[in-house]
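Here are a few exercises to work through with the model open in your viewer. Try each task before you read its solution.

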Amino acid sequence: VAITADGFDPAYLDVAPGAIVEWVNMAAEGHTATAGDGAQVRFDSGLLLPGERYRFVFPTAASYSYADAAGDAAGVIIVAKAESAAVQVFLPAVQR
């Protein structure tokens, strides 16, 4: 997830349980990715300076709301189990 002067990009992200989400501060000033009080799972990147990264593993299916404690941006990580019948694999087309 890119952290920009305009907020989190993307602001909403769907992942599978156990996925690692990484935030990268692409802005010129410090920002955070923080899920604090009242959150099912708490995480806090601390202040990320420009170019710094933070990773977090989302263990279980749920909706995780978070915000930038240094600004007014907000985001949501949706962790959902993929249905085996709905799993699709996309392979690149190769021309020979």
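**Exercise 1. Find the salt-bridge partners of Glu22 and say which parts of the chain they tie together.**

Keep in mind that this is a predicted model.

Step 1. Start with Arg55: Glu22 makes a salt bridge with Arg55, and the closest N and O atoms are 2.7 Å apart. Glu22 sits in strand E4 and Arg55 in strand E7, so this pair ties together parts that are 33 residues apart in sequence.

Step 2. Now look at Arg53. Glu22 forms a salt bridge with Arg53 too, with 2.8 Å between the closest N and O atoms. Here again one end is in strand E4 and the other in strand E7, so the pair links parts 31 residues apart in sequence.

Step 3. Put the pieces together: Glu22, Arg53 and Arg55 are linked in a network of salt bridges. The count for the model comes to 2 salt bridges.

Step 4. Check the exposure. Glu22 is partly exposed, at a relative accessible area of 22%. Arg53 is exposed at 53%, and Arg55 is exposed at 60%.

**Exercise 2. Work out how E4 and E7 pair, and which face of E7 is covered.**

Step 1. E4 and E7 run antiparallel to each other, paired over 6 bridges. One of the pairings takes us back to the previous exercise: the bridge partner of Glu22 in E7 is Arg55.

Step 2. Recall the general pattern: in a regular strand the side chains alternate between the two faces of the sheet.

Step 3. Now sort the residues of E7. Tyr54, Phe56 and Phe58 make up the covered face, while Arg53, Arg55 and Val57 make up the uncovered one. Both arginines of the salt-bridge network therefore belong to the uncovered face of E7, and they are exposed, Arg53 at 53% and Arg55 at 60%.

**Exercise 3. Lay out the open sheet that holds E4 and E7, and name its edge strands.**

Step 1. Write down the order: 4 strands make an open sheet, E2-E1-E4-E7, with mixed pairing.

Step 2. Look for strands with a single partner. Strand E2 (7-9) and E7 are at the edges with one partner strand each, so one side of each has no neighbour in the sheet.

Step 3. Add the angle: neighbouring strands of this sheet are turned by 25 degrees against each other on average, direction ignored.

Step 4. See where the mixed pairing shows up. Strand E1 (residues 2-4) pairs with E4 in the parallel sense over 2 bridges, with Val24 in E4 as the bridge partner of Ala2. E4 and E7, on the other hand, pair in the antiparallel sense.

**Exercise 4. Trace the partners of E9.**

Step 1. E8 and E9 are antiparallel, paired over 6 bridges. Ala67 is a handy place to look, as it stands opposite Ala74 in E9.

Step 2. Check the connection: E8 and E9 form a hairpin, with 6 residues between them.

Step 3. Turn to strand E3 (residues 12-15), which pairs with E9 in the parallel sense over 4 bridges. In E9, Val76 is the bridge partner of Tyr12.

**Exercise 5. Compare two loop residues, His31 and Ala69: is each buried or exposed, and what does each touch?**

Step 1. Place them. His31 is in the loop between E4 and strand E5 (34-35), and Ala69 is in the loop between E8 and E9.

Step 2. Apply the cut-offs, under 20% for buried and over 50% for exposed. His31 has a relative accessible area of 8%, so it counts as buried; Ala69 has 65%, so it counts as exposed.

Step 3. List contacts, leaving out residues up to four places away in sequence. Residues touched by His31 include Ile3, Thr4, Asn25, Leu47 and Asp68. The side chains of His31 and Asp68 are joined by a polar contact of 2.4 Å. Ala69 is in contact with Thr32 and Thr34.

Step 4. Add a distance: Ala69 and Ala33 lie 36 residues apart in sequence, yet their C-alpha atoms are 7.2 Å apart.

**Exercise 6. Which residues touch the most other members of the largest nonpolar core, and which strands supply the core?**

Step 1. The core has 21 residues, and Phe8, Trp23, Phe43, Phe58, Tyr66 and Ile77 touch the most other members.

Step 2. Two or more residues come from each of strand E4 (19-25), strand E7 (53-58), strand E8 (62-67) and strand E9 (74-79).

Terms used:
Residues numbered from 1 in each chain as written. Predicted model: local features only at pLDDT ≥ 70, side-chain atom pairs only at ≥ 80, totals over all residues. Heavy atoms only, no water. Core = buried A, V, L, I, M, F, W, Y, C linked by side-chain atoms within 4.5 Å. Buried < 20%, exposed > 50% of the residue type's maximum accessible area, 1.4 Å probe, protein only. Pairing = 2+ DSSP bridges. Axes fitted to C-alpha atoms, helices over the stretch in contact; angles between N-to-C directions. Polar contact = N/O pair within 3.5 Å; in protein donor to acceptor, adjacent residues only side chain to side chain. Contact = heavy atoms within 4.5 Å. Salt bridge = Lys/Arg side-chain N within 4 Å of Asp/Glu carboxyl O.
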